[in-house]
Amino acid sequence: MREKGSASRLSSINSPLFSDYHCHPQGHRVQPYTHSLLQPWIDSARARGLSDIAFTDHDRYHAGIDFDELDKLRAANPDIKIRAGIELDNDPETSAAGSDWVEKNWERLDFVLGSIHYLDRPDQMFDSVPAGAEQFAGREIDEIYADYFRRIREIAATGLVDCLSHLDLIKIHGHRPNAPVRDLVSETLDAISAYGLAIELSTAGWRKPVNELYPSDEIIRLAIAKGIRFTTASDAHSHVQLAENYDRLAQKMAEFGIKEVCVFKRHKPRVCAVFGL
Ligand SMILES: [Zn+2]
Ligand SMILES: [Zn+2]
């Protein structure tokens, strides 16, 4: 059991997992990449037994991403694979510029996450906690689920993403569909599989109101059956969240018989065995 507190923050985690492919060094504002911004993430990764990490800041903060700074960081930390990534979403105000930036910088990027954070309201991410829950009030939940997964298929089809983030983020506030969503999810996973994309296993759900891994057990089982690859991710917005709950995730993966994770270099996926699972 890990204790809380600064002394234990860089302590190792008892997990065979070695990669975290979703983290936000800039947090929720533009903070240009510098050694002092990024090195603590690498120190934290190393302390937690990670050897492969992808920085995936939100596309609306792309101005802060500096590929030369990432090259310097790689040179200073040759024991850790450091991937240049971004989380592209469907922000009605900023994602067009984000997509342009991804296209322009495709060759220097290793990894692009695709995310749906917006439904009908252009001014608020539905996954804001707790305010985003307003968007569900008085609405037919099954329709919201159908709309959400339609948007997932849309971003998967752009050709600009390598992996889908938090695939069932729509459950974040604990709203559950009334009708089974198996067909909806299955259709979405078929599209993901057809495009050759991965999905992430994200421990972030365990720190949200829903208190459940993203995606659900049912979706994981369907994805396994369709041969879809998985990345492992914490969606850390602070370096102390890197690899959060990875001991628990490793246990879950072992229960599902998932013994491999996917890593990316220049958008090329590579499947790695995770020993100990
Ligand atoms: Zn996200
Ligand atoms: Zn994120």
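Here is a walk through the chain, from its overall build to its two zinc ions and a few unusual spots in the backbone. Keep in mind that this is a predicted model.

Let's start with the whole thing. The chain has 7 helices and 9 strands. Its radius of gyration is 18 Å, close to the 19 Å that the globule rule gives for 277 residues, so the chain is as compact as a globular protein of that length. If you drew a box around the C-alpha atoms along the principal axes, that box would be roughly 50 × 40 × 35 Å. Of the 277 residues, 56% are buried. What about the surface? The chain exposes about 12,000 Å², and carbon and sulfur atoms supply 49% of that area. The contacts are worth a look too: take those between residues at least 6 apart in sequence, and 77% of them join residues at least 24 apart.

Now look for the sheet. In what order do its 7 strands run? They go 1-2-3-4-5-6-7, with parallel pairing, and the sheet is open. Strand 1 and strand 7 stand at the edges with a single partner strand each, so one side of each has no neighbour in the sheet. For a sample of the pairing, try strand 3 (residues 81-88) and strand 4 (residues 111-114), which are joined in the parallel sense over 4 bridges. Here you can spot Gly85 opposite Phe111 in strand 4.

Further along the chain, strand 8 (residues 260-265) and strand 9 (residues 268-273) do things another way: they pair in the antiparallel sense, over 6 bridges. Val261 sits opposite Cys272 in strand 9. These two strands make a hairpin with 2 residues between them, and Arg266 in that hairpin takes a positive phi near 45 degrees.

Next, the metals. Which residues hold the zinc ion (ligand 1)? Its protein donors are Glu87 (OE), His117 (NE2) and His166 (NE2), at 2.1 to 2.2 Å. Along the chain, these donors follow the spacing E-x29-H-x48-H. Glu87 lies in strand 3 and His117 in the loop between strand 4 and helix 4 (141-156), so this pair ties together parts that are 30 residues apart in sequence. Both residues are tucked away: Glu87 is buried with a relative accessible area of 1%, and His117 is buried with 2%.

Glu87 has a second job in the model, since it also coordinates the zinc ion (ligand 2), and the two zinc ions are 3.4 Å apart. The zinc ion (ligand 2) is coordinated by His22 (NE2), His24 (NE2), Glu87 (OE) and Asp235 (OD), at 2.1 to 2.3 Å. Why is its site called irregular? The angles among its 4 donor atoms run from 80 to 163 degrees, and a tetrahedral site would need all angles between 85 and 135 degrees.

The donors of the zinc ion (ligand 2) are spread along the chain with the spacing H-x1-H-x62-E-x147-D. His24 lies in the loop between strand 1 (19-20) and helix 1 (35-47), while Asp235 lies in the loop between strand 7 (230-233) and helix 7 (246-256), so the pair ties together parts that are 211 residues apart in sequence. His24 and Asp235 are both buried.

Asp235 is also a good way into the backbone oddities. Its phi is near 55 degrees, a positive value in a residue other than glycine. At 10% relative accessibility, Asp235 counts as buried. Compare Asn211, another residue that is not a glycine but has a positive phi, about 50 degrees. Is Asn211 buried or partly exposed? At 45% relative accessibility, Asn211 counts as partly exposed. You'll find Asn211 in the loop between strand 6 and helix 6.

That loop holds something else: Pro215 is found there, between strand 6 (198-202) and helix 6 (217-225). The peptide bond from Tyr214 to Pro215 is cis, with omega near -10 degrees. There is also a cis peptide bond from Val129 to Pro130, with omega near 0 degrees. To find Pro130, look in the loop between strand 4 and helix 4.

Technical notes
Residues numbered from 1 in each chain as written. Chains lettered and ligands numbered in written order. Predicted model: local features only at pLDDT ≥ 70, side-chain atom pairs only at ≥ 80, totals over all residues. Heavy atoms only, no water. Donors = N, O, S within 2.8 Å, 3.2 Å for Na, K, Ca; no water. Tetrahedral: all angles 85-135°; square planar, octahedral: opposite > 155°, others 65-115°. Buried < 20%, exposed > 50% of the residue type's maximum accessible area, 1.4 Å probe, protein only. Rg over C-alpha atoms; globule rule 2.2 N^0.38 Å. Contact = heavy atoms within 4.5 Å. Areas by Shrake-Rupley, 256 points an atom, 1.4 Å probe, with all protein chains shown as cover. Pairing = 2+ DSSP bridges.
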